[in-house]
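Me: I've got a structure open and I'd like to learn how to read it. Can we go through it feature by feature?

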Amino acid sequence: MEPLLTIKDLTAGFATDNGAVKAIDRVSLSIGKGQTLCLVGESGSGKSVTSLAIMRLLEFAGGRILEGSIRLAGNELTDQTQRQMIRIRGNQMAMIFQEPMSALNPVFTVGDQIAESIRLHQRKRKSEAKQMAVDLLRMVGIPDPETRARQYPHELSGGMCQRVVIAIALACRPELLIADEPTTALDVTVQAQLLDLLQQLQRELGMSMLLITHDMGVAARMADQIAVMYAGVVVETGSVEALFDQPAHPYTVGLMQSVPSMEGERLSELRTIQGHVPSLHALPAGCRFHPRCPHAMPRCTSEAPPMMTVGTLQQAACWLYGDVAAGFAGAPDSDNGEAGG
Amino acid sequence: MTEYLVRRFIQSLIVMFLISIVTFGLIHAAPGGPTQIFLSPGLSQEAAKAQAHNLGLDRPLPLQYLKWLGGFLQGDLGYTFKNHLPVGQILWPTVGHTMVLMGTSWLLSLFIAIPWGIYNSTKAYGWSDQTASFISYVGFAMPTFWFGILLQELFALKLNWLPLSDMWAIDKEGQIGDLLLHLVLPVSVLTLGFLAGYVKYARTSMLEVLEQDYIRTARAKGVRESRVIYRHGLRNALIPIITIIGLDLPILVSGAALTENVFNWPGMGRLFVEMALAREYSVLMAITIVTAVLVIVGNFIADLLYALVDPRVQLGRKGGTAA
């Protein structure tokens, strides 16, 4: 079956005072119908840029898609005009954001904000849309939805606001929901409730989900597939089981080890990855992770590794897995020349 | 709400009382006095003293103030030293004249500046925005009296298209058409002055709003760009603009002394300058009090508008709004 969303070699970036910067470089991902893909990585790895590019909202943030393809249900999104995109956004795909309190417009009631979403994409009378908004509030687990619908965002808690944001996103039953760190700004207990809610709604509506998180715990709980991003490139993809059982890329291994464990020896020191994410202006040649990699080889400093198959459901961009599949996912990164080989 | 209004009213009374004391003190602290100004220079010291005694100017200041306050509370604004005219008779017509001039300029500048500033925020650094910036710099930097004189020179003296000054031609008093002709030049000067600030405020305020997360949410919902700006952005952008408008409201009556002088407009600004030079204490007190009332009313209107535009502001609730 064809995946709902297929991203191929997506390159996007920003024009800055120091020249154009590629925030993501040849990112390829796909999400099957009803599946959840978790995009994990540190801040600045390009997760949010990827999600904004898919929504074609990157243009409003001063960025631009430079190359590549984004296909949603057979529809090439990079070819759409913004005029065409307004019919897709909020309808076929929707997005929820990190800061629920600031994601809602302070001067409109939450009911109005949900009803607007409905009326943008469906022919409904105002009263009908309002009733549907109340039903949506009930669906996302807000008690006394009739009263809540008439309230303003500042009268609601952060967790409630995020439920409203979810209701807005789901108003038109999108096929794809993009959630950019949806629980990061919330209390741990509220986080768990919201993740449960998202999972339950996903099952009910049969939608696919792209969940962006830096929290491996969230990824383990929610994902079918995981894609790990580092400094603007995807370094490893695979099923959640494969990635947690046998992380292949040294960066993924490092990420797993830096999750505090509740089991085992309590005094064991929390591992960290040495160094920090490189600036997009000064990316290292070759593999972008090599300056921090414990297994770096001479080849890594000059030649960017392509995606290589390391298991049935797993691929990693690392020379540790040899040359066998070279050419499988494209030639070496042109940015770094053709040295080595 | 009622409690809020009552509290607000009492606060205003206290503020007014303090303002009147300070103004009274300042006016009397200024060197010179009415006796030096309108008595004939040849008058003897004794005669001047007798005159001052007749006017009550030799009494201690606190007593003079209480006398003024007593009259004011009974609706008596006092009389001018010269000609002994009731202050109200001099003051009220000028209030109306100033409101015509300032009201026209102010409304005109708002109607131009807010839509223009909002438009410029969506095309920041485009040619329209650059033009507005240029006009703002000119408006801020150029003294109004100088700009006024330039306009008079060109349109009244050289081209003879428009009247030079005053509110009406001498034989056409009360005619609307003639008033409009007389308004063109002073209104142009004042509108430029107001516009310079407002167009920038509107632009900056909207630019800030367009950066907000809820604007991104609106776009993610599939809201088209014009609706993003005019429905989701505008109301939020207006909130800070309303503050500035409210604070500017008193100018409508207190007037622009310089512009009124250049164009010989019979308004309150010009009256204030004349009366300050003549040391007409009662008129100065009355003008100050009228202005103070307007400052307070202006702030109050701004707060009401706040509550109307921003649901987070609730009048009378603790922390809702500054009193």
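Reply: Sure, let's start with a sheet. This is a predicted model, and in chain A four strands make an open, antiparallel sheet in the order S2-S1-S4-S5. Strand S2 (19–31) and strand S5 (75–76) of chain A stand at the edges with a single partner strand each, so one side of each has no neighbour in the sheet.

Me: What actually holds strands side by side?

Reply: Strands of a sheet pair through backbone hydrogen bonds, in either a parallel or an antiparallel way. For an antiparallel case here, take strand S4 (residues 63–72) of chain A, which is joined to S5(A) by two bridges.

Me: Which residue of S5(A) is the bridge partner of Arg71(A)?

Reply: That's Glu76(A).

Me: In what order do the strands of the eight-stranded sheet of chain A run?

Reply: Read across, the order is S6-S7-S8-S3-S9-S10-S12-S11, and this open sheet has mixed pairing. Strand S6 (93–96) and S11 of chain A are the edge strands, each with a single partner, so each has one side left without a neighbour in the sheet. From one strand to the next, the twist averages 20 degrees.

Me: Mixed pairing sounds confusing. Where can I look for a parallel pair and an antiparallel pair?

Reply: For the parallel sense, go to strand S7 (residues 176–180) and strand S8 (residues 208–213) of chain A, which pair over five bridges. Leu176(A) stands opposite Ser208(A) in S8(A). For the antiparallel sense, try strand S11 (residues 308–311) and strand S12 (residues 314–316) of chain A, paired over three bridges. There, Thr309(A) has Gln315(A) in S12(A) as its bridge partner.

Me: How many residues lie between S11(A) and S12(A) in their hairpin?

Reply: Two residues lie between them.

Me: Is there a general rule for where side chains point in a strand?

Reply: In a regular strand the side chains alternate between the two faces of the sheet. Faces are also where a helix can come in. On the four-stranded sheet, H1(A) lies across strand S1 (5–16), S2 and S4 of chain A, running at about 75 degrees to S2(A).

Me: OK, now two helices together. How do I describe those?

Reply: Two packed helices are described by the angle between their axes and the distance between the axes. Look at helix H4 (residues 110–121) and helix H5 (residues 126–139) of chain A: their axes come within 8 Å and cross at roughly 115 degrees. H4(A) and H5(A) are therefore roughly perpendicular to each other. Their crossing is right-handed.

Me: Which residues of H4(A) and H5(A) meet?

Reply: From H4(A) come Gly111(A), Ile114(A), Ala115(A), Ile118(A) and Arg119(A), and they meet Ala129(A), Lys130(A), Met132(A), Ala133(A), Val134(A) and Leu136(A) of H5(A). By class, this contact has eight nonpolar residues, one polar and two charged.

Me: And how do I read the place where two chains touch?

Reply: Ask who takes part on each side. Here 18 residues of chain B are in contact with 25 residues of chain A. On the chain B side, helix H9 (213–221) and helix H10 (225–248) are the elements that give two or more residues. H9(B) gives the most, with seven residues. That side has five nonpolar, five polar and eight charged residues.

Me: Last one: what does the UniProt record say about chain A?

Reply: In an unreviewed entry, UniProt lists residues 5–256 of chain A as "domain: ABC transporter". That span is 40% helix and 28% strand, and its end C-alpha atoms lie 27 Å apart.

Technical notes: Residues numbered from 1 in each chain as written. Chains lettered and ligands numbered in written order. Predicted model: local features only at pLDDT ≥ 70, side-chain atom pairs only at ≥ 80, totals over all residues. UniProt positions renumbered as here; feature names shortened; annotations may be inferred. Contact = placed C-beta atoms within 7 Å. Nonpolar A, V, L, I, M, F, W, Y, C, P; charged D, E, K, R; others polar. Pairing = 2+ DSSP bridges. Axes fitted to C-alpha atoms, helices over the stretch in contact; angles between N-to-C directions. Parallel < 35°, antiparallel > 145°, perpendicular 65-115°, else oblique. Left-handed = near helix turned anticlockwise from the far one by under 90°.
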